[in-house]
Number of protein chains: 2
Amino acid sequence: MSEKDDFALREFLPFLLNQAAEESSLSFQKVYRDRYGMLRTEWRVLFHLGNYGEMTAKEISKRAMIHKTKISRAVQKLSEKRFVSRLRDENDRRSEHLSLTPAGEVAYRDLREVAEDYDRKLSAQFTKEETVLLRKMLSRLAGLE
Amino acid sequence: MSEKDDFALREFLPFLLNQAAEESSLSFQKVYRDRYGMLRTEWRVLFHLGNYGEMTAKEISKRAMIHKTKISRAVQKLSEKRFVSRLRDENDRRSEHLSLTPAGEVAYRDLREVAEDYDRKLSAQFTKEETVLLRKMLSRLAGLE
DNA sequence: CGGTAATAGTTGATTTTGTAACTAACAAGG
DNA sequence: CCTTGTTAGTTACAAAATCAACTATTACCG
């Protein structure tokens, strides 16, 4: 089964990005799913709160580029799991300040360690300069700068 | 709102990969959706058949790392649209050989062109050496080598 | 052979996501 | 104040993905 023409799907950036993203998510996903029954969005929200501290859903949405409905549902789940506490802003009663509970902190620290190990493992395939460049290029492609 | 510690989510490779993948899929998705009413999986199947020629669902599944139920449904849709023809293998009547119809070829060539343009546009953000390296790194991360 | 296991692909039930419309709270101009 | 517009977050309904169970066919092995 040889290629029919000169367009190489395996060179197509969106394809490569998707494959790499999927592959790199898989093994990590298993951890937060099995250990804490979390979905990807929940994990991301947890990480944002753990990483940047208290913030509102809106802020997470903006930072993580996740749609507000996903955030809303993730926060509900995380709140049910007692990982996140919600505090209504008394000056602007539309918004809520979200933060990690002690249990949420524990989960965050645990998962962060796994994440760091995993990131190191991925990066170890390349030279230091290469991974620096990779991150920079991905940031650009992701529209994060 | 300052960072609480030194782990940066925005540096975490799986996060960056996902964001970059999502972002890069978005604008392209619009094309195959609007022009041919295709879903992402359908597009991928079409591209695999166009790019590598006739193969079975199983082979596509393996190559593209797409689950067989997704493939099954995508093939149904593509077959309804008369983009893909299905031919049962007479030696092993469980499997089907899938290939593009002439109409499928036309759609494939059209979309491939858009894809190539888009890829060039993405690549243009970086130097030639950088994109070569990027592709290589993504291939490695995707487990394609 | 005959029975069990394996494989290709499909289908159905359950989750999860996406889109749009909605509620509640605030803002600003007249 | 009152209307109109905006914003934070939720909810409802449709679309899609996931997971498990299923059919049909072939392979393996005593």
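**Close-up 1. B:Arg135, a buried arginine in helix α6 of chain B.** Let us start with a single residue in this predicted model. B:Arg135 is part of helix α6, which covers residues 128-142 of chain B. Is B:Arg135 buried or exposed? Its relative accessibility is 14%, and buried means under 20%, so B:Arg135 counts as buried. Now follow its side chain: 2.4 Å away is the backbone oxygen of A:Glu11. The side chain of B:Arg135 also makes a polar contact with the side chain of B:Asp119, at 3.2 Å. Setting aside neighbours within four places in sequence, the residues in contact with B:Arg135 are A:Glu11, A:Leu13 and A:Leu16 from chain A, plus B:Asp119 and B:Ser123 from chain B.

**Close-up 2. An aromatic pair that joins two chains, A:Phe12 and B:Trp43.** Over all chains, the structure has 18 aromatic pairs. In this view, the rings of A:Phe12 and B:Trp43 meet edge-to-face, with 6.1 Å from centre to centre and 65° between the planes. Where do the two partners sit? A:Phe12 is found in the segment before α1 (13-36) of chain A, while B:Trp43 belongs to helix α2 (residues 40-52) of chain B, so the pair links two chains. Both A:Phe12 and B:Trp43 are buried.

**Close-up 3. B:Trp43 and B:Phe47, a tilted pair within helix α2 of chain B.** Here B:Trp43 appears again, this time with B:Phe47. Their ring centres are 4.8 Å apart and their planes make an angle of 50°, so this pair is tilted. How far apart are B:Trp43 and B:Phe47 along helix α2 of chain B? They are four residues apart, which means about one helical turn separates them. B:Trp43 counts as buried because its relative accessibility is 6%. B:Phe47, at 1% relative accessibility, counts as buried too. Stepping back from the pair, you can find one aromatic cluster made up of A:Phe12, B:Phe28, B:Tyr32, B:Trp43, B:Phe47, B:Tyr108 and B:Tyr118.

**Close-up 4. Arginines over tyrosine rings in chains A and B.** Look for the face of the ring of A:Tyr52: A:Arg63 lies over it, 4.0 Å from the ring centre. Turning to chain B, B:Arg63 lies over the face of B:Tyr52, at 4.2 Å from the ring centre.

**Close-up 5. The protein surface near DNA strand C.** How many residues surround DNA strand C? There are 21, and the closest are A:Lys70, B:Lys58, B:Ser72, B:Arg86 and B:Arg94. Among the atoms of DNA strand C within 4 Å of the protein, 56% are from sugar or phosphate, and the rest are from bases. Three contacts show these parts of the strand. A polar backbone atom of A:Arg93 is 2.9 Å from a phosphate oxygen. A polar side-chain atom of B:Gln76 is 3.2 Å from a phosphate oxygen. An N or O atom in the side chain of B:Lys68 is 3.1 Å from a base nitrogen. Two or more residues of this surface come from each of α4 (68-80) of chain A, α3 (57-64) of chain B and α4 (68-80) of chain B. Of the elements, α4(B) gives the most, with five residues. Sorted by class, the surface near DNA strand C has 11 charged, eight polar and two nonpolar residues.

**Close-up 6. The protein surface near DNA strand D.** Around DNA strand D there are 21 residues, and the closest are A:Lys58, A:Ser72, A:Arg86, A:Arg94 and B:Lys70. Sugar and phosphate make up 62% of the atoms of DNA strand D that come within 4 Å of the protein. Which side chains have an N or O atom by a base oxygen of this strand? They include A:Arg94, at 2.8 Å, and B:Arg73, at 3.0 Å. A phosphate oxygen of DNA strand D is 2.9 Å from a polar backbone atom of B:Arg93. Three helices each supply at least two residues of this surface: α3 (57-64) of chain A, α4 of chain A and α4 of chain B. Which element gives the most to the surface near DNA strand D? That is α4(A), with five residues. By class, the surface holds 12 charged, seven polar and two nonpolar residues.

Note on methods. Residues numbered from 1 in each chain as written. Chains lettered and ligands numbered in written order. Predicted model: local features only at pLDDT ≥ 70, side-chain atom pairs only at ≥ 80, totals over all residues. Heavy atoms only, no water. Buried < 20%, exposed > 50% of the residue type's maximum accessible area, 1.4 Å probe, protein only. Polar contact = N/O pair within 3.5 Å; in protein donor to acceptor, adjacent residues only side chain to side chain. Contact = heavy atoms within 4.5 Å. Near = heavy atom within 4 Å. Nonpolar A, V, L, I, M, F, W, Y, C, P; charged D, E, K, R; others polar. Phe/Tyr/Trp six-rings, centres within 6.5 Å; stacked < 30°, edge-to-face > 60°. Lys NZ or Arg CZ within 6 Å of the ring centre and 35° of its normal.
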